[in-house]
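Okay, thanks for making time, everyone. I'll put the model up and then walk through a few parts of it.

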Amino acid sequence: MAIPGELDLGPVVARLPMIEWLTTRTPPAGPLTVHPYHSPLELHRFGFHQPVASVPEVAPARIEVALVPGLAFDPLGRRLGRGKGYYDRLLAGLPADAPRVGVTLDRLMAETVPVDPHDVAMTHLVTENGVREIA
């Protein structure tokens with residue numbers, strides 16, 4: 001589910017109901033967990049909706065494609081997040097062949113973004129102007 005200011009992918013989910021959509025939960029401690037998208041929701045303290053704690057988890061190894069939010073991305077697929085590394089830890093546990101797709105607006109593309117050694121780059125970027133594969 002989108003944090004205020006991020007792109008909301010809900011309309012995409014509604015148009016492609018045949019796909020098993022998943023979403024993340026930010027627990028009080030520990031890494032992000034993955035859950036069915038159409039789970040009962042609660043409001044996180046930062047203003048976004050997330051699955052309630054009692055919803056069963058889905059193993060990250062089942063993720064075939066990850067649509068990843070960010071504050072900004074650069075042409076090399078590096079993403080500027082919110083500084084906690086939640087998504088990077090989750091992305092590192094995905095199957096090696098699972099595309100990691102940064103979802104953003106062209107106006108949020110930067111020449112470069114700061115990176116840390118644990119950051120996981122995107123394999124693709126998608127904006128309102130199309131999809132770019134990262135070499």
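So here's my opening question: on strand S8, which residues are buried on one side and which on the other? Keep in mind while you look that this is a predicted model. On one side you've got Arg100 and Gly102, on the other Val101 and Val103, and all of them are buried, so both faces of S8 are covered. The general background is that side chains in a regular strand alternate between the two faces of the sheet.

Let's place S8 in its sheet. The sheet is open, has four strands and goes in the order S5-S8-S9-S10, with mixed pairing. S5, residues 66–68, and S10 are the edge strands, each pairing on one side only. On average, neighbouring strands here are turned by 25° against each other, if you ignore direction.

Now the pairings, going across. S5 to S8 is parallel, over three bridges, and in that pair Ala66 stands opposite Arg100. S8 to S9 is parallel too, again with three bridges, and there Val101 sits opposite His124. Then S9 and S10 run antiparallel, joined by four bridges. That's where the "mixed" in the pairing comes in.

Let me stop on His124, since it turns up in both of the S9 pairings. It's in S9, residues 124–127. Across from it on the S8 side is Val101, and across from it in S10 is Glu133. Buried or exposed, then, for His124? Buried, because its relative accessibility is 19% and the cut-off for buried is under 20%. So that's a call made right by the threshold, at 19%. Its side chain makes a polar contact with the side chain of Thr123, at 2.8 Å. If you skip the sequence neighbours within four places, His124 touches Pro99, Arg100, Val101 and Gly102, and also Val131, Arg132, Glu133 and Ile134.

Next door in the same strand range is Leu125. Its contacts beyond the sequence neighbours include Phe73, Asp74, Gly102, Met109 and Arg132. Leu125 is also among the residues with the most contacts inside the largest nonpolar core, along with Ala66, Leu91, Leu94 and Met122. That core has 16 residues. S5 and helix H2, residues 86–92, each supply at least two of them.

Phe73 is worth a look as well. It's in strand S6, residues 72–73, and it counts as buried because its relative accessibility is 0%. Outside its sequence neighbours, the contact list for Phe73 includes Val68, Gly102, Val103, Leu108, Met122 and Leu125. Its C-alpha is 9.3 Å from that of Asp106, and those two are 33 residues apart along the chain.

Okay, charges. How many salt bridges does the count come to? Four, and I'll show you some of them. As a general point, side chains of opposite charge can pair when their charged atoms come close.

One is Arg25 with Glu42, N to O at 2.5 Å. Arg25 is in strand S1, residues 22–25, and Glu42 is in strand S3, residues 41–43, so the pair links distant parts of the chain, 17 residues apart. The two ends differ in burial: Arg25 counts as buried because it's at 8%, while Glu42, at 28%, is partly exposed.

Another is Asp74 with Arg78, with the closest N and O atoms 2.7 Å apart. Asp74 is buried at 0%, and Arg78 is partly exposed at 25%.

Then there's Asp106 with Arg132, 2.5 Å between the closest N and O atoms. Asp106 is in the loop between S8 and S9, Arg132 is in S10, residues 130–133, and they're 26 residues apart, so again distant parts of the chain are linked. Both partners are partly exposed here, Asp106 at 22% and Arg132 at 34%. Arg132 is also one of the residues His124 contacts.

Last stop, away from the sheet: Arg62. It's in the loop between strand S4, residues 49–51, and S5, and at 48% it counts as partly exposed. Its C-alpha is 9.9 Å from that of Val34, with their positions 28 residues apart in sequence.

That's my tour. Happy to rotate the model if anyone wants to see something again.

Conventions:
Residues are numbered from 1 along each chain as its sequence is written. This is a predicted model: local features need pLDDT of at least 70, side-chain atom pairs count only at pLDDT 80 or more; totals for chains, interfaces and linings use all residues. Side-chain values use heavy atoms; hydrogens and water are left out. Helices (H or I, at least four residues) and strands (E, at least two) are DSSP runs, numbered from the N terminus. Buried means under 20% relative accessible area, exposed over 50%, partly exposed in between (1.4 Å probe, protein chains only). A polar contact is a pair of N or O atoms within 3.5 Å; within protein, one must be able to donate a hydrogen and the other to accept it, and residues adjacent in sequence count only if both atoms are side-chain atoms. Contact means heavy atoms within 4.5 Å. A salt bridge is a side-chain nitrogen of Lys or Arg within 4 Å of a carboxyl oxygen of Asp or Glu. Two strands pair if DSSP finds at least two bridges between them. Axes are lines fitted to C-alpha atoms, for helices over the stretch in contact, and angles run from 0 to 180 degrees between N-to-C directions. A nonpolar core is a set of buried Ala, Val, Leu, Ile, Met, Phe, Trp, Tyr and Cys residues joined through side-chain atoms within 4.5 Å.
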